[in-house]
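Q: Could we go through this model together? I would like to begin with one of its loops.

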Amino acid sequence: MLLSTARAPAPATVASYMRRWKQWAVFAEFHQIDDLPADPSHVAAFALARVDSGVSVATIEANLSAIRWIHRRTTDVREVSAEARHLL
């Protein structure tokens with residue numbers, strides 16, 4: 001379900017989001033957790049794993065932006081907890 005009718009991001013931005021989403025999806029699959037909707041504690045674990053692997057803060061922020069972007073476009077907000085809405 002699309003939640004936003006805001007202007008679509010540039011194709012390069014969408015491609016970047018999709019690459020970063022795949023990183024999250026691989027992490028989720030490896031840890032046998034749902035990628036969508038994501039549990040906030042799982043997203044935090046993903047971010048910490050990225051820190052531990054030496055990824056820059058800017059890259060981690062971009063990963064989180066991608067996760068947020070996908071969720072805002074695919075998740076019914078009525079199904080998202082208050083904690084998750086705050087994170088996203």
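**Loop and helices**

A: Certainly; this is a predicted model. Pro37 lies in the loop between H1 and H2.

Q: Which peptide bond is cis there?
A: The bond from Leu36 to Pro37 is cis, with omega near -5°. For context, most peptide bonds are trans.

Q: And what about the phi of Gln32?
A: Gln32, which is found in the loop between H1 and H2, has a positive phi of about 55° although it is not a glycine.

Q: Is Gln32 buried or exposed?
A: Gln32 is exposed, with a relative accessible area of 75%.

Q: Turning to the helices, at what angle do H1 and H2 cross?
A: The axes of H1 (residues 11-30) and H2 (residues 40-52) cross at roughly 105° and come within 11 Å. H1 is therefore roughly perpendicular to H2.

Q: Which residues make that contact?
A: H1 contributes Gln23, Trp24 and Phe27, while H2 contributes His42, Val43, Ala45, Phe46, Ala49 and Arg50. By class, the contact has 6 nonpolar, 2 polar and 1 charged residues.

Q: Which residues of H2 are buried?
A: Pro40, Val43, Phe46, Ala47 and Arg50 are buried in H2. They cover an arc of only 115° around the axis, so they sit on the same side of H2.

Q: What does the face turned away from that buried side carry?
A: That face of H2 carries the exposed residues Leu48 and Asp52.

Q: What comes just after H2?
A: Gly54, which takes a positive phi of about 90°, is found just after H2.

Key
Residues numbered from 1 in each chain as written. Predicted model: local features only at pLDDT ≥ 70, side-chain atom pairs only at ≥ 80, totals over all residues. Heavy atoms only, no water. Axes fitted to C-alpha atoms, helices over the stretch in contact; angles between N-to-C directions. Helix = DSSP H or I, 4+ residues; strand = E, 2+ residues; numbered from the N terminus. Parallel < 35°, antiparallel > 145°, perpendicular 65-115°, else oblique. Contact = heavy atoms within 4.5 Å. Nonpolar A, V, L, I, M, F, W, Y, C, P; charged D, E, K, R; others polar. Buried < 20%, exposed > 50% of the residue type's maximum accessible area, 1.4 Å probe, protein only. Arc of directions from axis to C-beta.
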